[in-house]
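Work through the exercises below with the model open. Try each task before reading its solution.

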Amino acid sequence: MRLSRRGRGIFLISGTLLCFVLQMLIFKVPNNGTLLIAGAPVNVTGIIQAVMALVCVVLVLLNAKIGIIIARIALSISALLMILAMVRSKMLTPLPGAVTILLSLVSCEVIAKQFRRMEAESITDYVTKLINRRGLIRELELEQKDSKHFHMMFLHINNLKVINDNLGYEFGDKALVIVAKRIQSVVGKDTIVSKLDGTEFAIAIPEKEDVKEMAEAIMAEVTKKLVLDCDGVPANFYLRACAGVATYPEDTNSILKLLRYADIAMYHASKNSKEKIVYFNKNLESELIRRAQVEEYIQESLKHDYFFLVYQPQYYANSKRLRGFETLIRMKLPDGTNISPGEFIPIAEKTDLIFKIDEYVLKRAMKEFKEDIAKSNEKLLLSVNISAKDISSPDFHNKLSRIIEETGFPAECLEIEITEYSLYDSLETTVANIRSIREMGAKLALDDFGTGYTSLAQLLNLPFDLLKIDKSLVDNIETSEVSRDFVNLVIYMGHIMNSEVISEGVETESQLKLLKDQNCDFIQGYVWSRPLALRDALEMCR
Ligand code: C2E
Ligand code: MG
Ligand code: MG
């Protein structure tokens, strides 16, 4: 039975009163505590003591902290009285009662100790030994009572999975312990550090600290090189992290809302490639509401087919001959609203919906183009974007070969575009999937090249047929010499590695000329064509 706080309070008070009433009764019982009931002598003192012991145990069960104090007082007094009675009467009759009372006291102590241990465990994270979410809320409520102001920082370790996957969970746990110690080494004594679920830490920084300075110091410490000892062999890792900060009571005066706001800010930091620490503001919350709404739209679109595909032509830079098309998804709701893939794809990527979208696009594009691509003399290519989550899933290979078989699409006319982001952790599964795409006869393109962190070693290791220079680089080639040189370098590098290079987002004639001069192989962009409806794209094929 679970009692409310109030219920427990009432029990506690009545229990305490009962103890003292019983205590008084012991004094009042005549004849050494023996009464004649129905003609037979009954040891009433013993009964009263047994009841009191029971009440004390119940009190301890109700509230270990207060219950044990009352039990100690009541039972000690009772034991003392027994001993006094023994001394006074010079008889050993009260001895069994005194022993019972002392044993009850020991039981109460054991129960209370057990309770305190369980209580401590329930608010402790068993890996890092920091307080957990429950403990944190309790501590924050105390801060709130003391009218203290503070900043709540949520910190998420992004790539602990790499350690878990490569070395095992035991090493992941070791890394978390190190992170906990690192955080504690930076913060002051009155900062509360706690470990939430998974790979998240929550840090309550007192108002007197410069929160920006402190948050950055924590971030710098956590992302320092981490060396794990694997059977005497040191393994080096660099943890990546992001963080969100909300302030009490400026942002909200509710503790639970404060935690939610810090979480929202952290979510935004995880999406943001530039700022690793995001400070909460009300707009972030509305973005989150929008996100939930877009998620709903995606579900609806999958169910009722509000998705459709458009195809953007890609051309040979020098001859303007058609190379193929990039498949781009569109969402149009029944009320006519268009939602851009730039908005819904990142949201789908945060959930498993992206698997469904990628499968939908692959199937539909391959079905729509099957006849015309196969018939075209030019060996046209159909490019399809595959998200990082999909390419790193163990199921990807089977999914792709099944769709190729089902649709009868010629694999050599298919090109899979993955982004640099997919290679971030270069997981074994991703690499195996990338190789299997080539083994099936399809081509492989690296999308948004120049925006991420692909290392040269990764590029050399992985068989990309095409590097796609991101629009953000193309945008600046007319005005910035650095961008021009960088694009030149990427084209040169791609060619050394036997890859071809396409520039996307080419909008002006002068960008086009510069890219041609730099020997860029292909062009995709509004300068030659916007994405086309299926009918127009098929027309172009023919
Ligand atoms: P992306 O794969 O890099 O696609 C290129 C984006 O640049 C497309 O935007 C395209 O319409 C746009 N674009 C091409 N040329 C120009 C130009 O000259 N000027 C301008 N301003 N934009 C140009 P879109 O279709 O909005 O797609 C945005 C992103 O959404 C894509 O970037 C891709 O990451 C994702 N996406 C689109 N379709 C799919 C899909 O079917 N599956 C997956 N997984 N992601 C998709
Ligand atoms: Mg693309
Ligand atoms: Mg791109």
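Domain bounds here come from an automatic or database domain assignment. On that basis the protein is divided into domain 1 (5-122), domain 2 (133-280) and domain 3 (290-541). Keep in mind that this is a predicted model.

**Exercise 1. Domains**

Task: State how far apart the C-alpha centres of domain 2 and domain 3 lie.

Solution:
- Take domain 2 as 133-280 and domain 3 as 290-541.
- Their C-alpha centres are separated by 36 Å.

**Exercise 2. The magnesium ion, ligand 2**

Task: Find the protein donors of the magnesium ion (ligand 2) and give their spacing along the chain.

Solution:
- Begin with the cut-off: a donor is an N, O or S atom within 2.8 Å of this metal.
- E326 (OE), N385 (OD1), E417 (OE) and D447 (OD) qualify, at 2.1 to 2.2 Å from the ion.
- Read along the chain, they give E-x58-N-x31-E-x29-D.
- Now place two of these donors. E417 sits in strand 14 (residues 414-419) and D447 in strand 15 (residues 443-449), so this pair ties together parts that are 30 residues apart in sequence.
- Next, check exposure. Buried means under 20% relative accessible area.
- E417 has 1%, so E417 is buried.
- D447 has 5%, so D447 is buried too.

**Exercise 3. The magnesium ion, ligand 3**

Task: Which residues coordinate the magnesium ion (ligand 3), and which residue coordinates both this ion and the magnesium ion (ligand 2)?

Solution:
- The donors of the magnesium ion (ligand 3) are D447 (OD), D448 (OD) and E504 (OE).
- They lie at 1.9 to 2.3 Å.
- In sequence their spacing reads D-D-x55-E.
- D447 coordinates both magnesium ions, ligand 3 and ligand 2, which are 4.0 Å apart.
- D448 has a relative accessible area of 25%, and so counts as partly exposed.

**Exercise 4. The shell around ligand 1**

Task: Describe the residues around ligand 1 by distance, by structural element and by character.

Solution:
- Start with the count. There are 22 residues around ligand 1.
- Q312, R330, D447, E507 and Y526 come nearest. D447 also coordinates both magnesium ions, ligand 2 and ligand 3.
- Turn to the elements. Strand 11 (322-332), helix 11 (341-349), helix 12 (353-375) and strand 15 each supply at least two residues of the shell.
- Strand 11 gives the most, with four residues.
- Sort by character: eight residues of the shell are nonpolar, five polar and nine charged.

**Exercise 5. Polar contacts of ligand 1**

Task: Which atoms of Q312, V506 and E507 pair with atoms of ligand 1?

Solution:
- The cut-off for a polar contact is a pair of N or O atoms within 3.5 Å.
- Q312 uses a polar side-chain atom, 3.0 Å from a nitrogen atom of ligand 1.
- V506 uses a backbone N or O atom, 3.5 Å from an oxygen atom of ligand 1.
- E507 places a side-chain N or O atom 2.5 Å from a nitrogen atom of ligand 1.
- On its own, ligand 1 has 790 Å² of accessible area, and the protein covers 82% of that.

**Exercise 6. Backbone exceptions**

Task: Describe the peptide bond from Y248 to P249, and the phi angles of K129 and K320.

Solution:
- Recall the usual case. Most residues other than glycine have a negative phi, and most peptide bonds are trans.
- The bond from Y248 to P249 is cis, with omega near 0°. P249 is in the loop between strand 8 (241-248) and helix 9 (255-271).
- K129 is not a glycine, yet has a positive phi of about 65°. The loop between helix 4 (95-122) and helix 5 (133-145) holds K129.
- K129 is exposed, at 58% relative accessible area.
- K320 is not a glycine either, and has a positive phi of about 60°. K320 belongs to the loop between strand 10 (307-316) and strand 11.
- With 41% relative accessibility, K320 is partly exposed.

**Exercise 7. A glycine in a helix**

Task: Is G494 buried or exposed, and how many residues separate G494 from D465 in sequence?

Solution:
- Locate G494 in helix 18 (residues 481-496).
- Its relative accessible area is 0%, so G494 is buried.
- G494 and D465 are 29 residues apart in sequence. Their C-alpha atoms are 9.1 Å apart in space.

Definitions and conventions: Residues numbered from 1 in each chain as written. Chains lettered and ligands numbered in written order. Predicted model: local features only at pLDDT ≥ 70, side-chain atom pairs only at ≥ 80, totals over all residues. Heavy atoms only, no water. Donors = N, O, S within 2.8 Å, 3.2 Å for Na, K, Ca; no water. Buried < 20%, exposed > 50% of the residue type's maximum accessible area, 1.4 Å probe, protein only. Near = heavy atom within 4 Å. Polar contact = N/O pair within 3.5 Å; in protein donor to acceptor, adjacent residues only side chain to side chain. Areas by Shrake-Rupley, 256 points an atom, 1.4 Å probe, with all protein chains shown as cover. Nonpolar A, V, L, I, M, F, W, Y, C, P; charged D, E, K, R; others polar.
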